[in-house]
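Q: Could you take a close look at one part of this structure, the aromatic side chains, and then place that part in the wider picture of the chain? I am in my first year, so please go through it step by step.

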Amino acid sequence: MNAWQLTGLLVLVGVAAIVLLVAWVTTYFSRIQRQRREERMAVAERAAQNEAASLAFLTLRARAVKLGLAGPIEPALARSSLVNAARSSL
């Protein structure tokens, strides 16, 4: 094997290593992004459920107070503009 063949072989091995490294980095970071996206979706779903539960509680509490069935109570509710608007209107 002469020097040019050895140089060509080393270049081929180097290019193959770079291609494999780029492929690994791409799959690694896409997997991380997918996990983060799924975590954000789960948090968004929990937030929507908490907001809906808070609005339902405000409505039921207001009806119970109007009917004289229960005194006002203040639980920890979800904090959002919609919940704050509902709280201020009651």
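A: The chain in this predicted model holds 2 helices and 0 strands. Of its 90 residues, 11% are buried, and the accessible surface of the chain comes to about 7600 Å², with carbon and sulfur atoms accounting for 65% of that surface.

With this background we can turn to the aromatic side chains. A search of the whole structure finds 2 aromatic pairs. One of them joins W24 and Y28, whose rings are stacked, with 5.3 Å from centre to centre and 15° between the planes. Why does this pair count as stacked? Ring planes that are under 30 degrees apart count as stacked, provided that the ring centres lie within 6.5 Å, and the values for W24 and Y28 are 15° and 5.3 Å. Along the chain, W24 and Y28 are 4 residues apart, which is about one turn of the helix, and both of them lie in helix α1.

It is also useful to ask how far each of these residues is covered by the rest of the chain. W24 has a relative accessible area of 51% and is therefore exposed, because the word exposed is used for values over 50%. Y28, in turn, has a relative accessibility of 32% and counts as partly exposed.

Y28 takes part in a further pair, this time with F29, and here the ring centres are 5.3 Å apart while the planes stand at 80°, so the pair is edge-to-face. The reasoning follows the angle once more, because planes over 60 degrees apart count as edge-to-face. In general, a pair of aromatic rings is described by the distance of the centres and the angle of the planes. F29 is partly exposed, with a relative accessible area of 47%. Taken together, W24, Y28 and F29 form one aromatic cluster.

Helix α1, which covers residues 3-67, also holds other residues that help to place this cluster. L9 is found in helix α1 and is partly exposed, at a relative accessible area of 39%. L9 also belongs to a nonpolar surface patch of about 640 Å², which it makes with M1, L6, L10, L12 and V13. A patch of another kind, a positive one, is formed on the surface by R31, R34, R36, R37 and R40, and R36 among them is found in helix α1.

Further along the chain, A56 has its place in helix α1 as well, and with 38% relative accessibility A56 counts as partly exposed. The C-alpha atom of A56 is separated by 9.9 Å from that of V83, although their positions lie 27 residues apart along the chain when counted from one to the other. Helix α2 covers residues 81-89, and S81 is found in this helix. S81 counts as exposed, at 65% relative accessibility, and its C-alpha atom is separated by 10.0 Å from that of E51, with the two residues 30 apart along the chain.

Definitions and conventions: Residues numbered from 1 in each chain as written. Predicted model: local features only at pLDDT ≥ 70, side-chain atom pairs only at ≥ 80, totals over all residues. Heavy atoms only, no water. Buried < 20%, exposed > 50% of the residue type's maximum accessible area, 1.4 Å probe, protein only. Areas by Shrake-Rupley, 256 points an atom, 1.4 Å probe, with all protein chains shown as cover. Patch = residues over 30% accessible without salt bridge, like charges linked within 9 Å, V, L, I, M, F, W, Y side chains within 5 Å. Salt bridge = Lys/Arg side-chain N within 4 Å of Asp/Glu carboxyl O. Phe/Tyr/Trp six-rings, centres within 6.5 Å; stacked < 30°, edge-to-face > 60°. Lys, Arg positive; Asp, Glu negative; His and termini not counted. Charge placed at Lys NZ, Arg CZ, Asp CG, Glu CD.
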